[in-house]
Amino acid sequence: MKTVKINLIRLVTLIALLAPMAAAQSTSFYIEEGEIYSMNHKKINVGDSVIKLGPNVKVEYPGKNKASLSDLKVGNYVRAHIIMYSGGDFVDKIEYLGAKLPSNY
């Protein structure tokens with residue numbers, strides 16, 4: 001019985017040490033920047049891409065501490081941070097860039 005407990009403790013420790021590495025390897029990121037052409041509670045169309053919204057989308061909007069998706073409008077220019085996870089692309093964060101095309105384009 002003692003060896004079973006020791007082996008179980010070793011197994012749980014090994015899984016706990018390797019789990020963060022497995023999760024880190026399964027995700028990658030990219031950025032899509034452009035005008036919002038359409039948006040609903042499930043998807044957003046930025047530039048040429050239609051991307052699903054992640055479950056905890058963060059919105060950065062100048063002057064607002066707790067911005068939300070309702071602060072964004074069709075026609076706004078944004079930078080969307082996208083996570084590629086488990087075969088799908090999901091928006092993780094949206095940065096508001098302005099109501100018009102930024103001058104550096």
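1. In this note, a residue is called buried when its relative accessible area is under 20%, exposed when that area is over 50%, and partly exposed in between. The model under discussion is predicted. By this cut-off, Lys64 counts as partly exposed, because its relative accessibility is 40%.

2. Lys64 has a charged partner: its side chain meets that of Asp71 in a salt bridge, with 2.8 Å from N to O. Asp71 is buried, since its relative accessible area is 16%. The bridge thus joins a buried acidic side chain to a partly exposed basic one. In total, the structure holds 5 salt bridges.

3. Another of these pairs is formed by Asp92 and Lys58, whose closest N and O atoms lie 3.5 Å apart. This pair links distant parts of the chain, with Asp92 in strand E5 and Lys58 in strand E3, 34 residues apart. Asp92 is partly exposed at a relative accessible area of 26%, and Lys58 is likewise classed as partly exposed, at 45%.

4. Arg79 and Glu95 also form a salt bridge, and here the closest N and O atoms are 3.4 Å apart. Distant parts of the chain are again linked: Arg79 belongs to strand E4 and Glu95 to strand E5, with their positions 16 residues apart in numbering. Arg79 has a relative accessible area of 24% and is therefore partly exposed, whereas Glu95, at 16%, counts as buried. The two residues belong to a network of salt bridges that includes Glu33 as well.

5. What surrounds Glu95, leaving aside residues up to four places away in sequence? The residues that Glu95 touches are Glu60, Tyr77, Val78, Arg79 and His81. Arg79 thus appears both among these contacts and as a salt-bridge partner of Glu95.

6. The strands that carry these charged pairs are themselves joined. E4 and E5 run antiparallel and are connected by 9 bridges; within the pairing of strands, Ile82 stands opposite Val91 in E5. The hairpin of E4 and E5 has 2 residues between the strands, and Ser86 takes a positive phi near 50 degrees there. E3 and E5, by contrast, pair in the parallel sense, over 5 bridges. Lys52 stands opposite Phe90 in E5.

7. In soluble globular proteins, nonpolar side chains tend to be buried together. In this model, the largest nonpolar core has 14 residues, and those with the most contacts inside it are Ile44, Leu72, Val78, Val91 and Ile94. At least two residues of this core come from each of strand E2 (43-46), strand E3 (49-60), strand E4 (77-85) and strand E5 (88-98).

8. Which residues does Ile94 touch, not counting those up to four places away in sequence? The contacts of Ile94 include the nonpolar residues Ile44, Leu53, Val57, Val59, Leu69, Leu72, Val78 and Ala80. Lys58, Glu60 and Arg79 are also among the residues touched by Ile94. Two of these, Lys58 and Arg79, take part in the salt bridges described above.

9. Nonpolar residues are found at the surface too. Leu8, Leu11, Val12 and Ile15 make a nonpolar surface patch of about 380 Å². Ile15 lies in helix H1, which covers residues 2-25.

Methods:
Residues are numbered from 1 along each chain as its sequence is written. This is a predicted model: local features need pLDDT of at least 70, side-chain atom pairs count only at pLDDT 80 or more; totals for chains, interfaces and linings use all residues. Side-chain values use heavy atoms; hydrogens and water are left out. A nonpolar core is a set of buried Ala, Val, Leu, Ile, Met, Phe, Trp, Tyr and Cys residues joined through side-chain atoms within 4.5 Å. Buried means under 20% relative accessible area, exposed over 50%, partly exposed in between (1.4 Å probe, protein chains only). Helices (H or I, at least four residues) and strands (E, at least two) are DSSP runs, numbered from the N terminus. Contact means heavy atoms within 4.5 Å. Patches are made of residues with over 30% relative accessible area and no salt bridge: like charges are joined within 9 Å, nonpolar side chains (Val, Leu, Ile, Met, Phe, Trp, Tyr) within 5 Å. Accessible areas come from the Shrake-Rupley method with a 1.4 Å probe; for residues, only the protein chains shown count as cover. A salt bridge is a side-chain nitrogen of Lys or Arg within 4 Å of a carboxyl oxygen of Asp or Glu. Two strands pair if DSSP finds at least two bridges between them.
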